[in-house]
Amino acid sequence: MNAFLTTIFYAALASLFLAAFAALFGRAHPLLDAFGQFLLPAIVGAASLALLAFLAARHTTGALAIAALLLNLAIVWPWLQTPPTIEPNGPRFKLLLFNVFYHNPRLDLVAPLVRKSNADVVVLLEITPRIRSRLGALETVYPYRIECWRQPRCDALILSRFPLTDNLSALPAARTSRSLASVVVDVEGRPLTLFAAHLTLPFPFNRYGRQPEQAAEVAGAVKAPAGARLLVGDFNAASWGATMIHISDAAGLTTLTGPGGSWPSFLPRQMGIPIDHVLASPELAFLSRELVAVTGSDHRAVLTEIAFKD
């Protein structure tokens with residue numbers, strides 16, 4: 001029994017250190033990057049393992065678990081910070097991003113969630129005819145709509161209190177099976193180019209290199225327009241992962257940070273993975289981030305307030 005417990009403890013320790021190693025060197029291989037997505041569960045796991053080890057008088061194991069906890073926490077710490085407090089001079093608006101989920105059994109809760117958020121711009125993903133038919137009540141709240149989900153490879157519905165202009169035709173021709181919408185939002189006379197993306201699942205759930213190819217293509221499309229830009233969506237990738245780092249660096253964007261993960265919603269947010277992201281160009285500032293859970297979807301919604309800096 002003692003040997004069995006030792007094996008379990010050291011296997012758990014190995015997985016905790018692997019998560020940190022994979023997060024640091026995820027760009028080397030998509031499989032490493034996949035392991036690196038689990039830093040938040042690894043932190044909770046390391047704390048639990050340390051407690052169990054000390055209770056079992058396994059002090060060396062407990063010390064190693066604390067080391068793993070601190071290492072994972074150091075890597076993820078910058079991504080857990082709330083947006084810095086600033087006083088922008090330009091107009092402000094609230095944006096809600098929500099992956100509704102194709103098989104959502106509680107579509108009756110989606111419209112109330114959107115109305116309660118009081119968002120000015122709403123981006124809903126995984127929209128199908130069945131889901132869209134249950135969202136008619138929102139049309140009186142949001143007079144402007146872009147139904148990108150009707151287009152091949154797109155699953156986004158964009159609702160707005162501000163005027164919208166569909167910008168999909170201005171995007172470069174697709175080279176991958178990307179899901180990408182593009183609109184220009186008139187925010188109190190200030191043009192904002194908004195992109196809504198949904199990337200595929202990472203390797204090994206899909207072909208090696210497929211998600212990185214989509215990420216590179218999305219980054220290129222988002223980088224092209226001048227002026228204020230927002231990129232939002234379900235990227236199936238953590239904030240600190242290779243995919244999101246590449247997109248933010250290549251497109252010149254800043255990622256909205258904050259505590260908690262948006263997926264899966266059945267886990268405590270401290271153990272989730274932030275895969276639903278909002279990224280902004282330098283003209284914009286993030287003022288807040290809130291995760292909102294609603295029964296029926298495996299994603300939490302992301303509600304943020306954004307402002308033009310000048």
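## The enclosed cavity

In this predicted model, the largest cavity is lined by Trp79, Ser239, Leu256, Thr257, Gly258, Pro274, Asp276, His277, Val278, Arg289 and Val302. Its volume is about 60 Å³, and a search of the whole structure finds one cavity of 30 Å³ or more.

By class, five of the lining residues are nonpolar, four are polar and two are charged. Strand S10, which covers residues 276–280, gives the most to this lining, with three residues.

## The sheet around strand S10

Strand S10 also belongs to an open sheet of six strands, whose order is S5-S6-S7-S8-S10-S9 and whose pairing is mixed. Strand S5 (164–166) and strand S9 (254–255) stand at the edges with a single partner strand each, so one side of each is left without a neighbour in the sheet.

Strand S8 (residues 229–234) and strand S10 run antiparallel and are joined by five bridges. Within this pair, Val232 has Val278 of S10 as its bridge partner, and Val278 is also one of the residues that line the largest cavity.

## Helices on the sheet

Helix H8, made of residues 242–251, packs on the sheet and touches S8, S9 and S10, with a direction that makes about 15 degrees with that of S10. Helix H7 (residues 210–223) lies across strand S6 (180–187), strand S7 (190–198) and S8, and runs at about 155 degrees to S8.

## The largest pocket

Apart from the cavity, the model has open pockets, and the largest pocket has a volume of about 320 Å³. Of the 15 residues that line the largest pocket, Phe38, Leu201, Pro202, Phe205 and Trp263 are the closest to its centre. The lining of the largest pocket divides into 12 nonpolar residues, three polar residues and no charged ones.

## The second largest pocket

The second largest pocket has a volume of about 200 Å³. It is lined by 18 residues, of which Pro30, Asp33, Pro212, Ala242 and Thr243 are the closest to its centre. Helix H2 (30–35), H7 and H8 are the elements that give two or more residues to the lining of the second largest pocket, and H7 gives the most, with four residues.

By class, the lining of the second largest pocket has eight nonpolar, six polar and four charged residues, whereas the lining of the largest pocket has no charged residues. Helices H7 and H8 thus appear both in the lining of the second largest pocket and in the packing described above, where H7 lies across S6, S7 and S8 and H8 touches S8, S9 and S10.

Conventions:
Residues are numbered from 1 along each chain as its sequence is written. This is a predicted model: local features need pLDDT of at least 70, side-chain atom pairs count only at pLDDT 80 or more; totals for chains, interfaces and linings use all residues. Side-chain values use heavy atoms; hydrogens and water are left out. On a 1 Å grid over the protein atoms alone, a cavity is a set of points where a 1.4 Å probe fits but cannot get out, and a pocket is an open set with protein on both sides within 12 Å along at least five of seven lines; lining residues have an atom within 4 Å of a point. Grid points are joined across faces, edges and corners, and a volume is the space filled by probe spheres set on the points. Ala, Val, Leu, Ile, Met, Phe, Trp, Tyr, Cys and Pro count as nonpolar, Asp, Glu, Lys and Arg as charged, and the others, Gly among them, as polar. Two strands pair if DSSP finds at least two bridges between them. Contact means heavy atoms within 4.5 Å. Axes are lines fitted to C-alpha atoms, for helices over the stretch in contact, and angles run from 0 to 180 degrees between N-to-C directions.
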